[in-house]
Amino acid sequence: MANKKGETKVAELNVIAKRANKTIYRDGDKAVKVFDDTFPKSDILNEALNQARVEETGLNIPKLLEVSKKDGQWAIVSEFVEGKTMEQLMDENPDKLEEYMEQFVDLQLEMHSKKCPLLNKLKDKMNRKINITFPVLDATVRYDLLTRLDSMPKHTKLCHGDFNPSNIIVGADGTMSILDWSHATQGNASADAARTYLLFSLKDEKKAELYLNMFCKKSDTAKQYVQQWLPIVAASQLTKSVESEKEFLLKWIDVVDYQ
């Protein structure tokens, strides 16, 4: 049933994905991400702005179409991209894992080659996240993490912040599109890689090691340099408050001897 504006009600659309505080629907050639009432309006508008800014880099991403209210809830409307996620392809074709991982890393390196100077700075975002980990991390640990963060080189590469196979859509012709720019920043590519490694590690250690080895080889980056970011990205992940991840993340934070 359509509303007064002739639009289909959100509840009648096909659900593509569901998260804790948002649901993504398909509406013909559009993808509609609808946020619940607990999601800050400023974060929704920032995500849309990130997406619009990244579009300007020329990367293959869904075009932002509108930010509006759907049935009283804030929504971001983008182009719908046909295809399967890279995660689906990796799971369905384990014999092609290395081939898919190579495509995945190449796409991440292409992204890192871009500049997007109006995005928030990665180090500023990490600083804010570390500072809100109390009481899980005490003042001494937070100080060590912030000192480490401050010592890391400042770069201005385009970083996704959640670059994982579920956010890559592969079309029937092999064209890849990168979704979900809510965490995008400008900063150090190795921090972005460390976060991708963390996301793999939470699910599959074998894939995580394959990814890290391939990223470091292709980007000519020392593995130790990426690893220096691991306690920082683990601390930022703690702010998501996923109980099943907590013990794993705390080990990553504790394992490093801070300088």
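This is a short talk about a sheet and a pair of helices in one predicted model.

Hi everyone. A word on the ground rules: in this predicted model, local features need pLDDT of at least 70, side-chain atom pairs count only at pLDDT 80 or more, and totals for chains, interfaces and linings use all residues. Residues are numbered from 1 along each chain as its sequence is written, and side-chain values use heavy atoms, with hydrogens and water left out.

Let's begin with the sheet. Five strands (DSSP runs of E, at least two residues, numbered from the N terminus) make an open, antiparallel sheet ordered β1-β2-β3-β5-β4. Strands pair when DSSP finds at least two bridges between them. β1 (14-18) and β4 (64-70) are the edge strands with a single partner each, so one side of each has no neighbour in the sheet. Look at β4 and β5 (residues 73-79): 6 bridges join these antiparallel strands, and valine 67 has isoleucine 76 of β5 as its bridge partner.

Now the helices (DSSP runs of H or I, at least four residues). How do α4 and α9 cross? The axes of α4 (residues 122-131) and α9 (residues 230-238) come within 8 Å and cross at roughly 60 degrees. Axes here are lines fitted to C-alpha atoms, for helices over the stretch in contact, with angles from 0 to 180 degrees between N-to-C directions. That makes α4 oblique to α9 (under 35 degrees is roughly parallel, over 145 roughly antiparallel, 65 to 115 roughly perpendicular, and the rest oblique). Met126, Lys129 and Ile130 of α4 make the contact with Ile232, Val233, Ala235 and Ser236 of α9, where contact means heavy atoms within 4.5 Å. Thanks for listening!
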